[in-house]
Structures are given as C-alpha cells and as structure tokens.
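This report looks at the surroundings of a bound ligand and at one acidic residue in the same protein. The sequence and the structure are shown first.

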Amino acid sequence: MNILLTGGTGYIGSHTAVALGQSGHEVTLLDNLSNSDTAVIDRIAQIIGKRPSFVHGDVRDTALVRELIKVHSIDAVVHFAGLKAVGESVAHPVDYYANNVQGTVSLLQAMQAESVKSLIFSSSATVYGVPQYLPYDEDHPTRAINPYGRTKLHVEEILHDVAQSDASWRVACLRYFNPVGAHESGLIGESPRGIPNNLMPFIAQVAIGMRSELQVFGDDYPTPDGTGVRDYIHVMDLAEGHVAALDYLNGRPGWSAINLGTGQGYSVLEVMQAFERANGCAIPYAIAPRRSGDLAAYYASAEQAHKLLGWSAKRSLDEMCASTWRYYQTGV
Ligand code: NAD
Ligand code: UFG
C-alpha cells in the first residue's frame, strides 16, 4: 500500500517508515521539520535500501495534503504530526490546539476530499488520566489532565464522530505508552532539542557526558522503590504495531482505540540500572522533588492489541537501553 506518514521524519514516524518499508509498503513522509530534520531520510534509506518520498510542508495546508494524496496515490494515512511536550502545552495551549486538533481537522478535510478513509492516529496513554485501576485497559475512563492530553482526547472524539458518520472510514487510535530506544542499527533514534524532558534521552546524555547527573523526580511515590513507574516500549516494537494496525484496518470499517504498551511497568531506578547493566557505564543521580503533574505509576493492558492486531511487544528493557546507547555513540 501507499502510506502517508505525517510527522514522518520525527522519532516514531522515522522508525515506522522503516517497519512499513520493510513490510513492502511505499511510504511518503510529510513534515514541517519543526522538530526533526531531513538527515533522517538518508538514514531510513540506508536501512531499507530505498529512499522514501519526502514532502516539506504543514499538515494544516489542506491543499498541499490533497495534492500529495493524489500524486502519491495514497491509500492510508498514519498521523504522527503534532506537538508533544506536556509542560509546553500548559504554557501555550493555543499552539497545541492549533497544531494537534486543527492539524487533524485539516488532514481529515484533505482525506475526505480525496476519498482516502483509512487512518491511524498517534494517541497517548495520557488520555486516561489518574488511574482508577491498573493496568489501564481501553475501557478505562478517559480524563486527560493537561492540554496536550486533551488535544489527543479531542482528536479521538472527532475521529469517532467521523467514523460514525460514514461507514467507509477505518480509524485506529493507537494509545502509545512510553516509547524509548532506537533502531537496532543505531542509525535513527530520538535526539530531542535542548534539555530532554523524558527519562531515557536524559539518561543517555548523562552517560555520554553531556549532563552531570540524572535528577530522579521523587522517591516517595507509593511504588516498590518510591520512584515513578511507566510502561516503556521499544520504538521498533511500537513501529511494528503500526504495520499490524494497518493490516487490521484493511477491510474493517469503524473506530477503535488500542493500547500499544508491553503490560510491564518499570521504575525510574530500574530503568537507570538497566542502562548501566546493558551498556557497562555508571549513571550518577540525585533524588529531586516530584515533577508537577506526574502520576505515580501506570502501565498498559496489552491484551486488546494482541487479540485484535495479533501484535505484542517483544524487545526487553535491556534492548531498549542498548539501542539508545548505540544511537548516541553514532554521534547524533
Ligand atoms: P516528534 O516530535 O519526534 O515527531 C513529530 C513530527 O511532527 C516532527 O518531525 C515535527 O517536525 C512534525 N510536525 C509537528 N507539527 C507538524 C505540522 N503541523 N505539520 C507537519 N509536521 C509537523 O514526536 P514523536 O515522539 O515521534 O511523536 C509522534 C506522535 O506520537 C505525536 O503525535 C505524539 O504526540 C505522539 N506520542 C508520542 C509519545 C512519545 O513519548 N514520544 C507518546 C505518546 C504519543
Ligand atoms: N523522570 C525523572 N527524571 C527525568 C525525566 C523523567 O525522574 O529527568 C521520571 C518521571 O518523573 C517519570 C518517568 O521518569 O516518573 C518517565 O518520565 P518521562 O518524562 O520519560 O515520561 P512521562 O511518562 O512523564 O510522559 C511520556 C510523554 C508524554 C506522554 C506520556 C504518555 O513524555 O508526552 O508519556 O504515556 F503523554
């Protein structure tokens, strides 16, 4: 199939481009390069032996998206493009609604006009909010607790309305847990601009000497070692989940929400120790106050993904840490 990846040069988009390319799909990447650069395209080409098409542009440019759907005979869209920093979304909610919600509406207008009605949307576990029980399954009530999370929830609801209005739409909202790691080659990975918000890139930057120590945000949570627990998922497992979701959508109209996680939670200290073990290095750390807005613990029920998509995550925490380190050692 011919697949359009909005936000395709970003972290998850680039890994998904590899997984789709290796499964025989033709991929076209659309990105405005607000949080990525074109160097990744050569690297994808190096891995899959074929250069994906790239269009520099904004998903909110409906005319451009219509045109590229026509030119590249697009059959389905995976919609990654968006802003994703929780703290920034609290400070600049209008930018988040404009990019994430308006961007999706514009994409839907283009798809509708060109009669392309298969869509995978990058949602997030953050839509669930404060856990009423764990693991979160897809029936857990949704109540996002910050503007970023609310953009994801609004988009999920918009997509639900669209699928209800016309039985030929096929929509899967994939609720990612915590994607980490890099492609096994070390050629592509996550390189955040500025100080990383997220745990794994921060650990990698301490390991490589860019930062002196990791700050562990809180050691007094009601978790086994007092530090926050999350469901970290290898980005290549996540990427393969999209290939499975595309197969699932083929011929299945309607809307669905599916968790992509491993079902296993790890604490901050466990991740740090796994990184030390996998890569033979020491990570200096200090306990710092809790980070505002953080939840103590959450992890996925991975049953629905297994049942519907026939997919489950395979790679271990050690592989997540080893691939991250390999990517950093390539000098990116
Ligand atoms: P990323 O920032 O690496 O990738 C997003 C890409 O979208 C970037 O390349 C950026 O330049 C591009 N982009 C942003 N706005 C655009 C626009 N208006 N038009 C065209 N391109 C645009 O982020 P990522 O980690 O790859 O995340 C991809 C998606 O997955 C996002 O929607 C994010 O909210 C979602 N998600 C990410 C995580 C995570 O922890 N990484 C967790 C849950 C959900
Ligand atoms: N942490 C630290 N020190 C750091 C960074 C993080 O101790 O320097 C801790 C956090 O307090 C948390 C854990 O590591 O307990 C994971 O934090 P991340 O920032 O890596 O990930 P979050 O779970 O906070 O959030 C991520 C994405 C969100 C997304 C959410 C979805 O950043 O955008 O997963 O599950 F909404």
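## The shell around ligand 2

In this predicted model, ligand 2 is surrounded by 22 residues, and the closest of them are Asn-198, Gln-215, Arg-230, Asp-294 and Tyr-298. Sorted by class, the shell around ligand 2 comprises 11 nonpolar, seven polar and four charged residues.

Among the secondary-structure elements, α7 (199-207) and β8 (214-217) each contribute at least two residues to this shell, and it is β8 that gives the most, with four residues.

## Polar contacts and cover of ligand 2

Three polar contacts to oxygen atoms of ligand 2 can be described individually, two of them made by side chains and one by the backbone. An N or O atom in the side chain of Asn-198 is 2.7 Å from an oxygen atom of the ligand, while a polar backbone atom of Leu-199 is 2.9 Å from a ligand oxygen. For Arg-291, a polar side-chain atom lies 2.8 Å from an oxygen atom of ligand 2. Taken on its own, ligand 2 has 690 Å² of accessible area, of which the protein covers 90%.

## Glu-138, a buried acidic residue

Glu-138 is found in the loop that runs between β5 (118-124) and α6 (147-165). Although Glu-138 is buried, it has no salt bridge, and the nearest side chain of opposite charge, that of Arg-175, is 6.5 Å away, whereas a salt bridge requires a separation within 4 Å. What does the side chain of Glu-138 reach at 2.8 Å? Its partner at that distance is the backbone nitrogen of Asn-259.

Conventions
Residues numbered from 1 in each chain as written. Chains lettered and ligands numbered in written order. Predicted model: local features only at pLDDT ≥ 70, side-chain atom pairs only at ≥ 80, totals over all residues. Heavy atoms only, no water. Near = heavy atom within 4 Å. Polar contact = N/O pair within 3.5 Å; in protein donor to acceptor, adjacent residues only side chain to side chain. Areas by Shrake-Rupley, 256 points an atom, 1.4 Å probe, with all protein chains shown as cover. Nonpolar A, V, L, I, M, F, W, Y, C, P; charged D, E, K, R; others polar. Buried < 20%, exposed > 50% of the residue type's maximum accessible area, 1.4 Å probe, protein only. Lys, Arg positive; Asp, Glu negative; His and termini not counted.
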